[in-house]
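Visitor: I'd like a close look at one part of this model, please. Take me through it slowly.

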Amino acid sequence: MIKLDDLAGLKRSNRPNNFFVAPSGVSTTSSPDEASPEFQMSASELAARAFPLWADQKRVKLVMKGEDGLSAHFVATTALMRFKDDIYVQCVERVEQASSLLIYSASRVGHSDLGTNKKRVKDWLDKLQLLFNGA
């Protein structure tokens, strides 16, 4: 079971149907696929802006937020086959007035996802960077 408030302790599946990003320098149990970007704001502000942005997308549902408001579980449904993928996000403080994200996106079924989870995570991060660059 994945703990919303401890994605650093995540134990990934060995199947290629998942994608994981974490900030550089954060110790994680599973190796991230890529480093996540840093944002010049607190983790609570990042969560307050990112979670509604992502939950407002087609076929994405915010299932649960962590008690601290810094973590969330989303479910995305693929367009063609209607497969459900789980996306777990945790916002973390980095240095004064900077934060980043751990994001794990994984398919519930199948062995391969043909890059769907990687594409989703990159798209979500791009949307977030556009939001802040346009603000």
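Which strands does H1 lie across, and at about what angle does H1 run to E5?

Guide: Keep in mind that this is a predicted model. H1 lies across E3, E4, E5 and E6, and its angle to E5 is about 160°. Those strands belong to an open sheet of six, ordered E2-E1-E6-E5-E4-E3 with mixed pairing. E2 (34-35) and E3 (60-65) are the edge strands, each pairing on one side only. Elsewhere in the sheet, E1 and E6 are antiparallel partners, joined over four bridges; one pair to look for is Phe-20 with Tyr-104 in E6.

Now for the packing. The largest nonpolar core has 24 residues, and Phe-51, Trp-54, Phe-74, Val-89, Leu-101 and Ile-103 have the most contacts inside it. Two or more residues each come from E1 (18-22), H1 (43-55), E4 (71-77), E5 (84-93), E6 (99-107) and H2 (116-134). H1 gives the most, with six residues. Val-89 is a good place to zoom in: leaving out residues up to four places away in sequence, Val-89 touches, among others, Phe-51, Trp-54, Phe-74, Leu-101, Ile-103 and Trp-124. There's also a second, separate core of ten residues, including Ala-22, Tyr-88, Leu-102 and Tyr-104.

For contrast, try Leu-114, in the loop between E6 and H2. Leu-114 counts as exposed because its relative accessibility is 83%, and the cut-off is over 50%. Measure across to Arg-49 if you like: the two are 65 residues apart in sequence and 29 Å apart in space, C-alpha to C-alpha.

Notes. Residues numbered from 1 in each chain as written. Predicted model: local features only at pLDDT ≥ 70, side-chain atom pairs only at ≥ 80, totals over all residues. Heavy atoms only, no water. Core = buried A, V, L, I, M, F, W, Y, C linked by side-chain atoms within 4.5 Å. Buried < 20%, exposed > 50% of the residue type's maximum accessible area, 1.4 Å probe, protein only. Contact = heavy atoms within 4.5 Å. Pairing = 2+ DSSP bridges. Axes fitted to C-alpha atoms, helices over the stretch in contact; angles between N-to-C directions.
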